[in-house]
Structures are given as C-alpha cells and as structure tokens.
Amino acid sequence: MQVAKGVKLPTTAIGCDCRGNCLNSHDCSCAKLNSTDSKHYDFPYVHRDGGRLVEAKAVVFECGPKCGCGPDCINRTSQRGLKYRLEVYRTPKKGWAVRSWDFIPAGAPVCEYIGVLRRTEDLDNACDNENNFIFDIDCLQTMRGLGGRERRLRDVSISTIYNSDRPDDQKVENTPDYCIDAGAVGNVARFINHSCEPNLFVQCVLSSHHDLKLARVVLFAADNIPPLQELTYDYGYELDSVHGPDGKVKQMVCYCGAEGCRGRLF
C-alpha cells in the first residue's frame, strides 16, 4: 500500500504481550478487542486450513507490529500474503476477471485491496472519470448499514475503534473520508468483478493502528469456492447513487449473471 501526500497514518497500536503465538484469547489484548463480552473473548480465526475467519464481522482486530507474537500467530491470518494461485483472464462482457486455480475454503482470506491511500475529497477534486478502480473505505458506513450496505454493528462498540488522536471524528457520515486508488498502483484485487450474489465478502481489518477510517480492506471467501470459478464481491452501490460531472444520475448494466441479479451495478 502506498500513502498519498497529505494523508497521515495513525500512531501504531500498543499491541499484546503474548510470546511466540497467541494461544489464550483471554490473555491476548488484541483478541479481547473483537468482543465487548468478557465471557466470549475469542480469536476471530480458527486454525483450520491455515486460518479461517469464523464469520463476517464489523471489524477484525489482528495483532500488529508492536505485538510480542510472531508471523505464524493465528491472529495474523490476513497478513501472510497470497496463498492461492490467482489468474486474471478476459470475459466476453465484463472485461477482466479473476479466478483461482486452487480450491478456496469458506472463511479463507483471498487477497487485500491494494493501491494508493487517498482522501476521498482529493480524488473528487481531480475529476478523473476514467478511473474505475476506486475502493471507498466505508467500514463505518457498513457498520451502521448506511447507503444500502449490509449492517454489521453487533458486538463492537464504535467508541473502541476511533483513534484517540482524532477526537473530532465522533460522527458517522454517508461519505467515507478515505479511499484506495488502484488506478495506477494496485494488485490482483482491482480486477475482481461485482456480483449480486458474490462468493467473496469485504472485511475491514485493523492491525497496525485502530482507526477504522483507514482500515485494511481484505476479501474473504464467503463459501467454498471450487477451482476456476470466477471470484466476485458485491461492490455495494446503491441504485441511482452515482452522478456524472453534470450532476445527472449515471447507470451501468450488471452482467454478473446471478439468479437474483439486480439488473444494474448502479
């Protein structure tokens, strides 16, 4: 990930005192952040197949650079890079797409969305209408279920995830403050298409800091995915929410082919 000029990353999270690998969720301060119920402290991942996410969460707190555990810790599952052989290929109607040569089990991390971390307002001012590789870091909006997003605010308190250096951020708006621009710098994730019935889901992950507006965006398998099946996730557009430079609503036909396709991407 690259960081645009003018974007300041938060201070590093304190980290846990575990050694070797984190084994006891009641002793690991990072694991405790994943729940507000002291009776149900647990790691978000299980050890099977190199680490699987138990369920989609509002946010996943992983161990970070100041933690005492090593790279093999179960609570660093999404930080280990690409595990599956991914292929970018051409489709008749949707342009580029991505599939895996390997079987991907449900809950496994597939890849992180990588690009240049920018302020959304800076990108809007640039008016680059040809850049279709923008990923809004809309974790806060998803937690609240704004703009047609799947609401995920369950056991995580909003007050626990704000960076203490930014006390003015105590409100949730419809427009995310930051985005990932993969137009010129990116990885394989930029070629993964939308589907109204996807086999991947978006998960916000915090490891080196605890500011959700600047969270890492990781794509996980929603189901068991057989080899050579196209990988997709829901782009999360609300219909009639995209406007052109002239202020008029823009529309794009959806070619995902799902049985429950909404007919339009936006």
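**Questions about rings, strands and sulfurs**

Me: Leaving aside neighbours within four places in sequence, which residues is F43 in contact with?
Reply: Setting those neighbours aside, F43 is in contact with C22, L23, N24, S25, C28, A31, I74 and N75, where contact means heavy atoms within 4.5 Å. This is a predicted model, in which local features need pLDDT of at least 70 and side-chain atom pairs count only at pLDDT 80 or more, while totals for chains, interfaces and linings use all residues. Residues are numbered from 1 along each chain as its sequence is written, and side-chain values use heavy atoms, with hydrogens and water left out.

Me: Why is F43 called buried?
Reply: The relative accessible area of F43 is 10%, and buried means under 20% (exposed is over 50%, partly exposed in between, with a 1.4 Å probe and protein chains only), so F43 counts as buried. You will find F43 in the loop between α1 (29-32) and β2 (45-46); helices (H or I, at least four residues) and strands (E, at least two) are DSSP runs, numbered from the N terminus.

Me: What makes β4 and β7 edge strands?
Reply: Look at the open sheet of 4 strands, which runs β4-β12-β13-β7 with mixed pairing. There β4 (60-61) and β7 (109-112) each have a single partner strand, so one side of each has no neighbour in the sheet.

Me: How do you know that β4 and β12 pair?
Reply: Pairing takes at least two bridges found by DSSP, and β4 shares 2 bridges with β12 (residues 200-206), in the parallel sense. F61, for instance, has L206 in β12 as its bridge partner.

Me: How many aromatic pairs are there, and why is the pair of F133 and F191 called edge-to-face?
Reply: The count is 6 aromatic pairs. Rings of Phe, Tyr and Trp (its six-membered ring) pair if their centres lie within 6.5 Å; planes under 30 degrees apart are stacked, over 60 edge-to-face, and the rest tilted. F133 and F191 have ring centres 6.3 Å apart and planes at 70°, so their pair is edge-to-face. F133 sits in the loop between α2 (120-126) and β9 (134-136), and F191 in the loop between β10 (178-181) and β11 (193-194), so the pair ties together parts 58 residues apart in sequence.

Me: Why is the pair of F135 and Y233 called tilted?
Reply: The ring centres of F135 and Y233 are 6.0 Å apart and the planes stand at 35°, so the pair is tilted. F135 belongs to β9 and Y233 to β14 (residues 232-233), so parts 98 residues apart in sequence are tied together. Y233 is buried, at 5% relative accessible area. Both residues belong to one aromatic cluster, formed by Y113, F135, Y233 and Y235.

Me: How do you know that C139 and C204 form a disulfide?
Reply: A disulfide is a pair of cysteine sulfur atoms within 2.5 Å, and those of C139 and C204 are 1.6 Å apart. C139 lies in helix α3 (residues 139-144) and C204 in strand β12, so the pair ties together parts 65 residues apart in sequence. C28, by contrast, is in no disulfide; its nearest cysteine sulfur, that of C22, is 3.8 Å away.

Me: Why is C254 not bonded to C256?
Reply: The sulfur of C254 is 3.6 Å from that of C256, its closest cysteine sulfur, so the distance is too far for a bond. C254 counts as buried because its relative accessibility is 10%.
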